[in-house]
Amino acid sequence: MDKIIRKSLLYKSGVEYGDYTINHVIGCSHGCNFPCYAFMLSKRFGRVKSYEEWIKPKIVSNALELLDKEIPKLKDKIHFVHLSFMTDPFMIGYPEVVKLSLEIIKKLNKNGIKVTTLTKGLYPDELLDKTNYDTGNEYGITLVSLDENFKRIYEPHSSNYRDRIESLKKLHNAGLKTWVSIEPYPTPNIVNQDLRDILNEISFVDKIVFGRLNYNKKVSEYLWYKEFYNYCTDVVIKFCEQHNIEYHIKEGTITEDAPYILEGYKKDTQKLFYTNKKVAIK
């Protein structure tokens, strides 16, 4: 695996539910095609030149040394550190990344810093060791479908959905905090599925983050996409309230300007969104 040297590692994130974050890898082997915001941003700023380069990640070889210098300076300002917004800390096929992610979490925890994680990979059993890893950490997966055919197109090299859920459930069963990011959630013309099926699979988690799919023209090709995301948001909130799950709806997911479904259609919303497989045209 290729390596790079960086001058700094810990920084304050601008993500709405983030605090400090670490991106100890450039690139991601999962190669998501939603499209991937991290890839688009990295290409724009010249960190990578192509998709082919992006899916061959480079590890920051001096990450632990940087942390030894930065933690004492920033420790009092940090509420928690997230791994990661610009890469995947437990990506499939790269044990070097998994090993370094574990070392980073361990080092942060030993300095009294809580860690949150998000992955489309699989969680290693090492995290079950409560002597080395803080029980206050929060471990998350991204899950926007249960359809493996959809995954092969949009998340081609990530873990299988079923394995991903079971990996997270193992941490939950050990008494650790878990969460799921249902983002970027696709419209029915991309994959026709019932959001409630996904929610029922992850009813054990402590928190759910829900957000729409951006930067994909297929979303706006779906006539009722604004109404669809409003409806899905309502489904997520009601589900979380019923199951006593914390939730966060990403900015821009709810739209006030959603003219195509009148109040009287609400009772038919389920059929409208999930049985109409045709792409709507204005």
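1. Let's start with P35, which is found in the loop between β4 and α1 (37–44). The peptide bond leading into this proline, from F34 to P35, is cis, with omega near 25 degrees. Please keep in mind that this is a predicted model. As background, most peptide bonds are trans.

2. A second cis bond runs from L83 to S84, and here omega is near -5 degrees. S84 has its place in the loop between β6 (80–83) and α4 (95–110). Is S84 buried or exposed? With a relative accessible area of 5%, S84 is buried, because the cut-off for that word is under 20%. Its side chain reaches the backbone oxygen of I22 at 2.8 Å. Leaving out residues up to four places away in sequence, S84 touches T21, I22, N23, H24, P89 and L118.

3. Two residues deserve a look for their backbone angles. Y215 is not a glycine, yet has a positive phi of about 65 degrees; N244, also not a glycine, has a positive phi of about 55 degrees. Most residues other than glycine have a negative phi. Y215 lies in the loop between β10 (207–212) and α8 (217–221), while N244 sits in the loop between α9 and β11. Y215 is exposed, with a relative accessible area of 54%, and N244 counts as exposed at 74%.

4. Now the main sheet. Eight strands form an open sheet with mixed pairing, in the order β2-β3-β6-β7-β8-β9-β10-β11. Its edge strands, each pairing on one side only, are β2 (10–12) and β11 (246–249). From one strand to the next, the twist averages 25 degrees. Within this sheet, β8 (residues 138–142) and β9 (residues 177–185) run parallel and are joined by five bridges. If you want a pair to find on screen, G140 stands opposite W179 in β9. Helix α3 (residues 63–74) lies across β2 and β3 (20–22), running at about 40 degrees to β2.

5. T119 is worth a stop on the way through the sheet. This threonine lies in strand β7 (residues 114–119) and counts as buried, at 1% relative accessibility. The T119 side chain reaches the backbone nitrogen of G121 at 2.7 Å. Not counting residues up to four places away in sequence, T119 touches D88, F90, G140, I141, T142 and R164.

6. There is also an open sheet of three strands, in the order β1-β5-β4 and with mixed pairing. Here β1 (3–4) and β4 (25–26) are the edge strands, each pairing on one side only. β4 pairs with β5 (residues 58–60) in the antiparallel sense over two bridges, and I26 stands opposite K58 in β5.

7. Which elements does helix α4 pack against? The buried residues of α4 pack against β3, β4, β5, α3, β6 and β7. Among those buried residues are V97, V98, L100, I104, I105 and L108, and also S101, K106, K107 and N109. The helix has 16 residues and reaches 23 Å from its first C-alpha to its last, close to the 22 Å expected at 1.5 Å a residue. Just after α4, G112 takes a positive phi of about 75 degrees.

8. L108 brings us to the nonpolar core. In soluble globular proteins, nonpolar side chains tend to be buried together. The largest nonpolar core here has 80 residues, and L108, I182, Y185 and I208 touch the most other members. Helix α9 (residues 225–242) gives the largest share of this core, nine residues. Not counting residues up to four places away in sequence, L108 touches I22, L67, I71, V81, L83, I113 and V115.

9. Finally, a look at D147, in the loop between β8 and α5 (148–154). How accessible is D147, and what does that count as? At 29% relative accessibility, D147 counts as partly exposed. A polar atom of its side chain lies 2.8 Å from the backbone nitrogen of N149. Leaving aside neighbours within four places in sequence, D147 is in contact with Y161 and V191. D163 is 16 residues from D147 along the chain, and the C-alpha atoms of the two are separated by 13 Å.

Note on methods. Residues numbered from 1 in each chain as written. Predicted model: local features only at pLDDT ≥ 70, side-chain atom pairs only at ≥ 80, totals over all residues. Heavy atoms only, no water. Core = buried A, V, L, I, M, F, W, Y, C linked by side-chain atoms within 4.5 Å. Buried < 20%, exposed > 50% of the residue type's maximum accessible area, 1.4 Å probe, protein only. Helix = DSSP H or I, 4+ residues; strand = E, 2+ residues; numbered from the N terminus. Contact = heavy atoms within 4.5 Å. Polar contact = N/O pair within 3.5 Å; in protein donor to acceptor, adjacent residues only side chain to side chain. Pairing = 2+ DSSP bridges. Axes fitted to C-alpha atoms, helices over the stretch in contact; angles between N-to-C directions. Expected span 1.5 Å × (residues − 1).
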